[in-house]
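I opened the notebook to record a few look-ups on one chain. My topics are a helix, the cores, a cavity and some single residues.

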Amino acid sequence: MNQSQALKILKSKQNIFLTGSAGTGKTFLLNKFIEYLKKEKIRVSVTASTGIAATHLGGRTIHSWSGMGIEKKMNDKQIRKLLRREKTRVRIRDTEVLIIDEISMLDAERLDLLNKICQVARGPFLPFGGLQIIMCGDFFQLPPVEQEGREIKFAYDSWAWQEAEIKICYLDRQYRQNDFEFVDILNRIRENKASENVLNKLKTRLFKEINSSIEPTKLYTHNADVDEINDFELARIREKKMIYRMDSKGPEKIITFLKKNCLAPEELNLKLGAVVMFVKNNFRDGYVNGTLGKVINFDKNNLPIIETKSGDKITATPVSWELEENREVVAEIRQIPLRLAWAITVHKSQGMSLDAAEIDLSKSFERGMGYVALSRVRRLDGIKLLGINQMALEVNQEVVKKDEEFRELSEEVL
């Protein structure tokens with residue numbers, strides 16, 4: 001289905017799972033739906049399974065919103081105690097629409113617990129206490145974090161998913177990639193049909209330089225590699241260092257959450273010639289989360305001027321990351337929406353669109369990791385592959401079967 005069809009279904013007050021392959025505009029559509037809800041004065045709570053995804057949408061984690069924290073199971077007594085916290089109780093009761101992004105990383109037990117908390121807070125006779133639930137994500141992307149010795153069940157295996165009669169909206173128009181050979185490679189990985197032929201096509205990009213005036217971002221699977229590269233590259237530049245410190249206002253606990261999960265650093269160090277990435281969407285000013293560029297100057301206010309790959313020159317001004325509750329901003333941080341971008345982790349790249357990337361998948365340790373990394377990039381010739389292992393081409397076979405079912409169910413909704 002296309003975005004306008006999906007938006008119409010989202011407005012129908014049904015419980016929805018919005019999905020589709022990487023690059024089909026799921027987050028863009030969610031933002032349009034959130035705008036509609038606010039315009040219509042429908043009380044919406046925006047959450048995600050991870051802090052990074054939550055800050056992209058101006059929300060908080062579902063764990064924080066519901067009060068469940070790190071718990072996976074709670075009895076009725078524990079839930080009633082949790083709901084004695086007035087802010088949590090009022091937040092749940094006042095919400096009409098609950099959005100959960102990156103649902104692939106929320107396991108079945110926690111979705112069932114969320115259902116139970118909402119029913120105790122709002123009334124036991126309807127799924128999620130009568131909230132409209134909008135879940136968004138792609139189960140081919142990063143799964144819930146495994147606990148040793150325990151089988152992880154995806155959200156769709158939960159009792160709550162069945163009880164809520166979730167309708168499927170499966171987006172199928174590709175906005176990120178326009179290279180048909182590359183789209184075919186990604187689809188084959190997604191379908192668990194990554195043959196020797198697919199691997200050989202990817203290997204044509206091994207150590208191949210990218211035809212770009214901008215130095216491409218390096219994607220690595222581990223944090224240690226990323227920090228080392230960025231610090232090393234900045235230190236090599238013999239220019240004056242400009243330092244930008246984050247401003248904040250609001251409760252300390254929420255500020256700490258926003259800072260931890262904002263892709264812009266608390267202290268941003270830049271130099272002339274530094275490779276940077278915008279980490280927020282601002283269509284009006286001409287950049288999106290993932291736009292690459294280079295610092296070419298500083299204006300009279302010492303704000304960095306960035307030249308993007310397409311040749312646009314953008315003055316990067318401070319922007320806000322906010323956490324809203326019932327249309328009221330309760331906390332805010334402000335920073336230049338940039339980070340050093342010689343290197344970034346695959347995990348932090350989820351949700352981004354990149355023009356060019358050097359990707360090292362030689363240490364891939366999780367199914368879906370290769371798919372996430374490769375699908376960030378628009379074209380095959382925008383990739384310089386630094387290494388690849390077998391795990392990088394693997395996805396969860398159970399998810400392959402479930403995805404076929406989702407496609408069929410989406411057709412029924414139209």
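Which exposed residues does the face of H12 turned away from its buried side carry? I looked there and found Glu-252, Lys-253 and Lys-260. I keep in mind that this is a predicted model.

**Entry: helix H12.** I then turned to the other side. H12 runs over residues 252–261, and I list its buried residues as Ile-254, Ile-255, Phe-257, Leu-258 and Asn-261. Viewed down the axis of H12, these buried residues fit within an arc of 160°, so they line one face of the helix.

**Entry: cores.** I looked up the largest nonpolar core next and got 114 residues. The residues with the most contacts inside this core are Leu-111, Leu-114, Phe-139, Trp-161, Leu-202 and Ile-359. Helix H7, residues 108–122, gives the most to this core: 6 residues. I also noted a second, separate core, which has 21 residues. Among its members are Leu-10, Ile-16, Val-44 and Cys-169.

**Entry: Leu-202.** I picked this residue from the largest core and asked what it touches. Leaving aside neighbours within four places in sequence, I find Leu-202 in contact with Ile-185 and Ile-189. Its contacts also include Leu-374, Leu-380, Leu-385, Ile-388 and Leu-393.

**Entry: cavities.** I count 3 cavities of 30 Å³ or more. I chose the second largest cavity, which holds about 50 Å³ of space. Its lining consists of Ser-21, Ala-22, Gln-174, Gln-177, Val-183, Leu-186, Asn-187, Tyr-371 and Ser-375. Helix H9 (residues 180–190) supplies the largest share of that lining, 3 residues. Sorted by class, I get 4 nonpolar and 5 polar residues in the lining, with no charged ones.

**Entry: Thr-88.** Is Thr-88 buried or exposed? I read 5% relative accessibility for Thr-88; buried means under 20%, so Thr-88 counts as buried. Thr-88 sits in helix H6, residues 86–94. Beyond its neighbours within four places in sequence, Thr-88 is in contact with Trp-65, Ser-66, Gly-67, Leu-82 and Leu-83.

**Entry: Ser-64.** I placed Ser-64 in helix H4, residues 62–66. Its relative accessible area is 32%, between the 20% and 50% cut-offs, so I log Ser-64 as partly exposed. I also checked one distance from Ser-64. Its C-alpha atom is separated by 24 Å from that of Val-346, and the two residues are 282 residues apart along the chain.

Conventions
Residues are numbered from 1 along each chain as its sequence is written. This is a predicted model: local features need pLDDT of at least 70, side-chain atom pairs count only at pLDDT 80 or more; totals for chains, interfaces and linings use all residues. Side-chain values use heavy atoms; hydrogens and water are left out. A nonpolar core is a set of buried Ala, Val, Leu, Ile, Met, Phe, Trp, Tyr and Cys residues joined through side-chain atoms within 4.5 Å. Buried means under 20% relative accessible area, exposed over 50%, partly exposed in between (1.4 Å probe, protein chains only). Helices (H or I, at least four residues) and strands (E, at least two) are DSSP runs, numbered from the N terminus. Contact means heavy atoms within 4.5 Å. On a 1 Å grid over the protein atoms alone, a cavity is a set of points where a 1.4 Å probe fits but cannot get out, and a pocket is an open set with protein on both sides within 12 Å along at least five of seven lines; lining residues have an atom within 4 Å of a point. Grid points are joined across faces, edges and corners, and a volume is the space filled by probe spheres set on the points. Ala, Val, Leu, Ile, Met, Phe, Trp, Tyr, Cys and Pro count as nonpolar, Asp, Glu, Lys and Arg as charged, and the others, Gly among them, as polar. The arc is that of the directions from the helix axis to the C-beta atoms.
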